[in-house]
Amino acid sequence: MKAEQRDELFMREALKLARKGLGHTSPNPVVGSVIIKDGKIVGKGYHQGPGKPHAEINAIRDAGELARDGELYVTLEPCNHYGRTPPCTKAIIDAGVRRVVVGMRDPNPHVTGGGCEYLRSKNIEVVEGILERECRLINQPFIKHTTTGIPYVTLKAALTLDGRLATRTGHSKWITNSASRKYVHRLRFLSDSVCVGIGTVIADDPTLNIRLYTKGKNKKITRIVLDRFLRISENSRLVKTATVYPLWIFHGAKVDAEKKKTLQDKGAHLVEVNAHEGKLILKEILSSLGNSSINSILVEGGSRVFGSFLENELVDEVFIFFAPKILGDEKGYPLIRGGRKCEFMTDALTLHDIKMRKFAPLINNDHVKDPDIMINGRLRKELY
């Protein structure tokens, strides 16, 4: 086996470990690491969450004395600075590792390359860029937040085949089947926050927690409501659970002071932002979230909110679930209201790295027995 093929083989093992941290590590990245001795894996580790040991440390501990003269593979450049934990470069040197293979450099412009260069200065062989694209792909929210200061934005929608979010009365339960809905809860688990407009809150009275995905039931995902005039009911399920799951309400300047205080007393976090042409300025909202170390946001509705995010070119990725249903009613709610102005098909947004998946119903009382189809893709051709 050629050296490059060998390096890719073991980096894939590190990537498998890194994925175990998805949904757990924010605002930190997901990172996986393996240690090789005599062609065999002798140590494994991944980062499990903020304040916990980094992947390299866990792999070194797992390998013990076998780490000496071994090779360490890690999906992200080892840190060379003190944060919540000591620098991993020191642990690597102390363990006697002779060779380090890195998937991607640290995206932080203030430290990038520092870990690799420090290891080289200590006569440790360092190889960089092995499966770099794959390593970047699993950390897009972290990289975007680190380099731009704002969260990674994912749009999720459930549609009929004729592109409707709801009937003319606003009824939308349920467009998609039980399996699709469970997967959406997994998407929530993988995100730091979930966002809806006040129209969705009034129509559906959602909780926006993680109920259907077992691994995420205890995750305190931040719920976000865009509510310019503070129309949210004090008796809504979102407000009633504000002391259990974080609730952020973004509003405009002209709101009732007493209503604002009542919501705050019930545990909601209210943030005033500017409005333009009747809409809250989304870039201000994303900056506020980014300043609070929120790396990612899952936008779930409604059609005006979708339109605003797309109009402002703020969407990074989409998950669209199509149910095998047709309303056939021009007054049904469309995916987008407002949004971009397109005169030609060449003006359309194009998805990249498309993935398709079928979701067969999990329970017998779904309205339709045939599977839903999910389309996932990124709106940016290049990765962060």
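Helices and strands are DSSP runs, numbered from the N terminus, with at least four residues for a helix and at least two for a strand. The exercises below concern a predicted model.

**Exercise 1. Locate the cis peptide bond that precedes tryptophan 174, and one further cis peptide bond.**

Solution.
1. Lysine 173 and tryptophan 174 are joined by a cis peptide bond, with omega about -10°.
2. Tryptophan 174 sits in the loop between strand 7 (164-166) and helix 7.
3. A cis bond also links serine 26 to proline 27, where omega is about 10°.
4. Proline 27 belongs to the loop between helix 1 (3-19) and strand 1.
5. As background, most peptide bonds are trans.

**Exercise 2. Classify asparagine 123 and serine 293 by phi and by accessibility.**

Solution.
1. Asparagine 123 has a phi near 65°, a positive value in a residue other than glycine.
2. This asparagine 123 is placed in the loop between helix 4 (114-121) and strand 5.
3. Exposed means over 50% relative accessible area; asparagine 123, at 72% relative accessibility, therefore counts as exposed.
4. Serine 293 is not a glycine either, yet its phi is positive, at about 65°.
5. The loop between helix 11 (282-291) and strand 14 holds serine 293.
6. With a relative accessible area of 37%, serine 293 is partly exposed.

**Exercise 3. Determine the strand order of the five-stranded open sheet and identify its edges.**

Solution.
1. The 5 strands follow the order 2-1-3-4-5, and their pairing is mixed.
2. Strand 2 (40-46) and strand 5 (125-128) each have a single partner strand, so they stand at the edges with one side lacking a neighbour in the sheet.
3. From one strand to the next, the twist averages 15°.
4. Strand 1 (residues 32-37) runs antiparallel to strand 2, and 6 bridges join them.
5. Within this pairing, isoleucine 36 has isoleucine 41 of strand 2 as its bridge partner.

**Exercise 4. Describe the second largest pocket by its volume and its lining.**

Solution.
1. The second largest pocket encloses about 1,000 Å³ of space.
2. Its lining comprises 40 residues, of which Leu22, Leu137, Ile138, Leu190 and Glu317 are the closest to the centre.
3. By class, the lining holds 15 nonpolar, 14 polar and 11 charged residues.
4. Helix 7 contributes the most, with 5 residues.
5. Elements that supply at least two lining residues include helix 5 (132-137), helix 6 (140-148) and strand 15 (317-322).

**Exercise 5. Assess whether the chain agrees with the globule rule.**

Solution.
1. For 384 residues, a compact globule would have a radius of gyration near 21 Å.
2. The chain has 23 Å, which agrees.
3. Its C-alpha trace spans about 70 × 50 × 45 Å along the principal axes.
4. Of the 384 residues, 49% count as buried.

Definitions and conventions: Residues are numbered from 1 along each chain as its sequence is written. This is a predicted model: local features need pLDDT of at least 70, side-chain atom pairs count only at pLDDT 80 or more; totals for chains, interfaces and linings use all residues. Side-chain values use heavy atoms; hydrogens and water are left out. Two strands pair if DSSP finds at least two bridges between them. Axes are lines fitted to C-alpha atoms, for helices over the stretch in contact, and angles run from 0 to 180 degrees between N-to-C directions. On a 1 Å grid over the protein atoms alone, a cavity is a set of points where a 1.4 Å probe fits but cannot get out, and a pocket is an open set with protein on both sides within 12 Å along at least five of seven lines; lining residues have an atom within 4 Å of a point. Grid points are joined across faces, edges and corners, and a volume is the space filled by probe spheres set on the points. Ala, Val, Leu, Ile, Met, Phe, Trp, Tyr, Cys and Pro count as nonpolar, Asp, Glu, Lys and Arg as charged, and the others, Gly among them, as polar. The radius of gyration is taken over C-alpha atoms; the globule rule is 2.2 Å times the number of residues to the power 0.38. Buried means under 20% relative accessible area, exposed over 50%, partly exposed in between (1.4 Å probe, protein chains only).
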